[in-house]
Amino acid sequence: MNKLEPLKFGIIGCSRIAKRSVIPAILKSEFAELKIIGSRNKEKSNKFSNEFNCKENGTYDDVISDESVDIVYISTPIGTHAELAIKAASAGKHVYCEKSSTNSFNSAKKMIECSKNNNVRIMEGFMFRFHPQHKKVKDLINDGKIGDLNSFNGSFGFPSFPEDDIRYNKELGGGFLNDSGCYPICASRMIFDEEPISVMYQSQNEPKSGVDVKGMSILTYKNNKTANVTYANGNYYQAKYEVWGTNGIISLDRAYSVPPDFTTKINLQYNIENTWEGRKNEIIEIPSSDHFLKMIDIFCIEIMGKRKTSFNFEEELLNQAKVMEAHRLSNSSHKEIWLSEIN
Ligand SMILES: NC(=O)c1ccc[n+]([C@@H]2O[C@H](COP(=O)([O-])OP(=O)(O)OC[C@H]3O[C@@H](n4cnc5c(N)ncnc54)[C@H](OP(=O)(O)O)[C@@H]3O)[C@@H](O)[C@H]2O)c1
């Protein structure tokens with residue numbers, strides 16, 4: 001691979017998110033090139049590739065076996081990610097795998113092991129982490145604007161999907177912990193910059209499909225910091241978090257899914273003196289940014305060896321998968337689960 005050439009992407013699955021956000025970002029990136037699109041259905045891959053002026057299309061295997069492909073992007077149902085990622089990594093391809101990377105900690109470990117054995121990189125597609133609004137939140141925290149951190153509240157909810165959506169299919173790794181609850185969980189880890197000590201989680205399942213459509217969890221972090229996470233499907237659209245400190249609160253109204261042309265706002269509330277009247281409020285505007293593009297650029301830059309980024313993609317994927325496993329164990333046992341118990 002010529003390190004200065006853009007990296008060639010092969011797409012697995014003609015999904016909505018590939019069409020709406022990921023392929024447009026690949027086309028915009030100076031470090032990436034769209035090479036081939038794969039589908040289970042030849043007609044679909046043909047149509048999809050025409051839409052993006054992509055010259056090649058075929059099956060998933062055609063993508064994985066294409067010698068010129070550097071990175072395989074997987075955007076199929078969650079329950080199929082591990083097998084496809086392992087197949088791609090075994091063929092020497094770097095992997096950009098949609099969130100949630102998988103639905104068991106065991107399969108996440110296998111994905112990482114396989115990518116290490118084949119000397120390729122693997123990334124879970126939590127693009128929101130690359131939006132500059134979170135860097136600004138962390139700068140405000142590090143500057144002491146809200147004092148010492150004590151809690152995080154995050155919620156993600158949206159209206160229902162059509163009945164035949166992959167999210168309502170248990171066998172395919174459906175359910176909304178994997179689909180949307182995973183975002184505020186990941187955001188709490190990002191904001192506290194550490195891993196939780198324990199997780200207590202309860203879901204509500206839809207009787208017909210059997211998948212979880214609503215859930216709440218409490219993640220306990222060091223020094224009694226807590227993260228309260230709520231997610232729900234079939235609801236008013238919301239994608240928020242707020243961070244509480246001893247001297248103030250920072251809140252984001254559009255924390256996870258942000259269109260590339262959308263100006264986000266950080267609401268900073270803090271005390272200048274410890275009275276009700278002593279409270280101040282500032283709105284900080286963050287210019288629009290394409291977090292998919294940012295993530296793709298950083299992944300490519302890291303692979304090209306142009307620059308070592310501060311992001312350890314594999315460790316991130318594994319740590320998130322462990323916290324997700326703690327949720328599943330807590331739900332089935334109705335107990336608080338210590339992360340140290342999960343190996
Ligand atoms: N990062 C984000 O912002 C974001 C947003 C939404 C979704 N996602 C993630 O992206 C992935 C795709 O989500 P989506 O909403 O875009 O899904 P979608 O539109 O339903 O697409 C999923 C694709 O998976 C392929 N597939 C393979 N096996 C399948 C099966 N048994 N049943 C149905 N489809 C199958 C299909 O592609 P072919 O027919 O071409 O093979 C299908 O088009 C999920 O992992 C989801 O969690 C991420």
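**View 1. Two helices help to frame the ligand.** In this predicted model, helix H1 (16–28) and helix H4 (78–90) each give at least two residues to the shell around the ligand. The ligand has 22 residues surrounding it. If you want to find the closest ones, look for Cys14, Ser15, Arg16, Ser39 and Glu98.

**View 2. Both domain 1 and domain 2 take part in the ligand shell.** At least three residues of the shell come from domain 1 (7–127 + 294–309), and at least three come from domain 2 (132–289 + 322–341). As for the mix of residues, the shell has seven nonpolar, nine polar and six charged ones.

**View 3. A cis peptide bond sits between lysine 99 and serine 100.** Zoom in on the bond that runs from lysine 99 to serine 100: it's cis, and its omega is near -25 degrees. Serine 100 itself belongs to the loop between strand S5 (94–97) and helix H5 (105–117).

**View 4. Asparagine 53 has a positive phi.** Here phi is about 55 degrees, even though the residue isn't a glycine. You'll find asparagine 53 in the loop that links helix H2 (42–51) and strand S3 (56–58). Asparagine 53 counts as exposed because it has just 8 C-beta neighbours inside 10 Å, and 12 or fewer is the cut-off.

**View 5. Asparagine 224 is another non-glycine residue with a positive phi.** Its phi is about 60 degrees. Asparagine 224 lies in the loop between strand S9 (212–220) and strand S10 (226–233). With 9 other C-beta atoms within 10 Å, asparagine 224 is exposed too.

Conventions:
Residues are numbered from 1 along each chain as its sequence is written. This is a predicted model: local features need pLDDT of at least 70, side-chain atom pairs count only at pLDDT 80 or more; totals for chains, interfaces and linings use all residues. A residue is near a molecule or strand if its C-beta atom, placed from the backbone, lies within 6 Å of it. Helices (H or I, at least four residues) and strands (E, at least two) are DSSP runs, numbered from the N terminus. Ala, Val, Leu, Ile, Met, Phe, Trp, Tyr, Cys and Pro count as nonpolar, Asp, Glu, Lys and Arg as charged, and the others, Gly among them, as polar. Domain bounds come from an automatic or database domain assignment. A residue is buried if 20 or more other C-beta atoms lie within 10 Å of its own, exposed if 12 or fewer, and partly exposed in between; C-beta atoms are placed from the backbone.
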